[in-house]
Amino acid sequence: MKLKYQHTIVACFAGYVVQAIINNFVPLLFVTFQTTYQIPLSRITLLVTINFCVQLLVDLLSAKFVDKIGYRVSIVLAHVFSAAGLLLLTVLPEIMDPFAGILLSVIIYAIGGGIIEVLISPIMESCPTDNKEKAMSLLHSFYCWGHVGVVLLSTLFFRFAGIENWRILAIIWALLPVVNGIIFCKTPIAPLISSEEKGMSIGELLRNKLFWLLFLMMLCAGASEQAVSQWASAFAEQGLQISKTAGDLAGPMAFAVLMGVSRAVYGKFGDKLDLNRFMLGSSVLCMIAYLLVTLVPSPVVNLVGCGLTGLSVGIMWPGTFSKAASTLRSGGTAMFALLALAGDLGCSGGPTLVGMVTNFAGGNMKTGILAAVIFPLLMTLCLLRGRRKTAIPVTGTSQKK
């Protein structure tokens with residue numbers, strides 16, 4: 001059977017589900033690791049930081065090595081690392097120091113996650129589709145659905161099979177990157193830019209003012225998203241006085257679902273919507289949502305604000321990728337790698353700012369989140385500047401390749 005570009009698109013969708021697995025599965029096991037291996041929680045939470053730092057490093061290095069070894073080899077290796085990390089997670093803690101074994105597994109699958117983050121969007125962009133912006137938004141919605149699926153299905157597995165059988169679930173989750181990696185070995189992958197063109201170097205990108213505007217937009221996208229989602233569960237638990245499980249479902253799960261809905265809506269109707277106006281309206285809605293979270297003295301309204309934040313930030317990340325692809329057509333792999341780096345910096349910077357201001361305000365989390373309204377505000381200003389200068393196209397017209 002000869003695979004077509006439609007199979008490539010489906011494999012890209014599955015690629016973001018793989019990334020959702022490796023980013024969200026292990027955190028569900030933190031308490032289990034603490035009790036099973038007697039690892040202090042302070043060391044276990046370090047796993048999140050290591051995962052993030054490794055992906056940041058891979059984002060940066062990808063700009064150099066991906067073009068040399070090719071997209072196909074790189075994306076297949078990404079799935080190999082992802083599957084290997086999940087499988088080793090079931091073995092290494094039993095044959096070496098448990099924390100070192102878990103950490104090594106996390107580093108291995110984080111390498112895969114970093115490469116996936118850099119490559120899935122340009123591979124999708126290179127596929128011949130009627131509307132690039134629609135396809136990109138729909139693609140990124142699959143990370144949200146993957147996040148929802150990982151939490152829900154893992155919770156059900158732990159409920160009926162027992163948390164002590166988590167290794168079986170890790171093996172089951174590892175099957176997806178194995179299968180998807182095999183598919184990527186066979187699917188057609190078109191070059192992002194034509195053979196007659198030369199992709200921009202990192203130096204050329206860094207000297208381009210439009211790139212820096214897009215870089216700032218991507219940073220704001222990541223920060224706007226994570227500044228609230230990191231604290232959504234705490235709002236649900238503390239404000240509504242509900243259990244941890246219910247808090248996760250009412251907070252982060254609701255956030256992820258609404259973010260996925262936003263991306264899916266644009267993925268469905270993007271050819272009828274103006275991308276710039278959609279992003280601008282989303283940025284304004286995000287600021288309103290932040291104010292609902294922080295200034296209204298009602299736990300229920302606060303939780304609604306968390307959900308609206310998920311709905312409003314959905315288009316920011318894929319929309320910025322689409323703008324970059326359409327305005328810096330020769331940006332190539334280096335551009336996507338650096339934009340992924342900017343997004344990850346935002347994902348770290350947003351929660352960090354919230355934490356710092358919260359500590360300064362004597363533990364008032366609402367004050368910390370209110371400070372993070374600077375990110376959707378900056379996104380709004382960037383969009384207005386790009387619109388005024390006409391450097392970034394206002395419309396989301398289709399681009400066929």
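# A walk through the helices

Start with helix 11: 17 of its 21 residues are buried, so mostly covered is the right description. You are looking at a predicted model, so keep that in mind at every stop. Select residues 209-229 to get helix 11 on screen. If you like a sanity check on geometry, take its two end C-alpha atoms: they sit 31 Å apart, and 21 residues at 1.5 Å a residue should span 30 Å, which agrees. Now add asparagine 208, the cap at the N-terminal end of helix 11. One of its side-chain oxygens is 2.9 Å from the backbone nitrogen of leucine 210.

Zoom out for a moment. The protein has 19 helices and zero strands, and of its 401 residues, 55% are buried. Take the contacts with a separation of 6 or more: 83% of them join residues 24 or more positions apart.

**Next stop: helices 7 and 8**

Select 98-126 for helix 7 and 132-161 for helix 8. A pair of packed helices is described by the angle between the axes and the distance between them. Here the axes come within 10 Å and cross at roughly 145 degrees, and the crossing is right-handed. To light up the contact, show Ile120, Ser121, Met124, Glu125 and Ser126 on helix 7, then Lys132, Ala135, Met136, Leu139 and His140 on helix 8. Colour them by type and you get five nonpolar, three polar and two charged residues.

**Zoom in on serine 121**

Stay on helix 7, where serine 121 has its place. Is serine 121 buried or exposed? Its relative accessibility is 0%, so serine 121 counts as buried. Bring in tyrosine 16 as well: its side chain makes a polar contact with the side chain of serine 121, at 3.5 Å. With neighbours within four places in sequence left aside, serine 121 is in contact with Tyr16, Met136, Leu139, His140, Phe321 and Phe336.

**Over to arginine 263**

Keep histidine 140 displayed and select arginine 263, which belongs to helix 13 (residues 244-269). What links the two? The backbone oxygen of histidine 140 is 2.9 Å from a polar atom of the arginine 263 side chain. This arginine is another buried one, because arginine 263 has just 3% relative accessibility. Its contacts, again without neighbours within four places in sequence, include Ser137, Leu138, Ser141 and Cys144, along with Glu225, Trp317 and Pro318.

**Helix 15**

Now pick residues 299-313, which make up helix 15. Run the length check here too: 15 residues at 1.5 Å a residue should span 21 Å, and the end C-alpha atoms are 21 Å apart, which agrees. The buried residues to show in helix 15 are Asn302, Leu303, Gly305, Cys306, Gly307, Thr309, Gly310, Ser312 and Val313.

**Two last picks**

Glutamate 204 is in helix 10 (residues 202-206). It counts as partly exposed, because its relative accessibility is 39%. Put a distance label from its C-alpha atom to that of glycine 331: the separation is 9.1 Å, although the two are 127 residues apart along the chain.

Finish on glutamine 38, in the loop between helix 2 (30-37) and helix 3 (41-44). Check its backbone torsions: phi is positive, about 55 degrees, although glutamine 38 is not a glycine. With a relative accessible area of 60%, glutamine 38 is exposed.

Conventions:
Residues numbered from 1 in each chain as written. Predicted model: local features only at pLDDT ≥ 70, side-chain atom pairs only at ≥ 80, totals over all residues. Heavy atoms only, no water. Axes fitted to C-alpha atoms, helices over the stretch in contact; angles between N-to-C directions. Helix = DSSP H or I, 4+ residues; strand = E, 2+ residues; numbered from the N terminus. Left-handed = near helix turned anticlockwise from the far one by under 90°. Contact = heavy atoms within 4.5 Å. Nonpolar A, V, L, I, M, F, W, Y, C, P; charged D, E, K, R; others polar. Expected span 1.5 Å × (residues − 1). Buried < 20%, exposed > 50% of the residue type's maximum accessible area, 1.4 Å probe, protein only. Polar contact = N/O pair within 3.5 Å; in protein donor to acceptor, adjacent residues only side chain to side chain.
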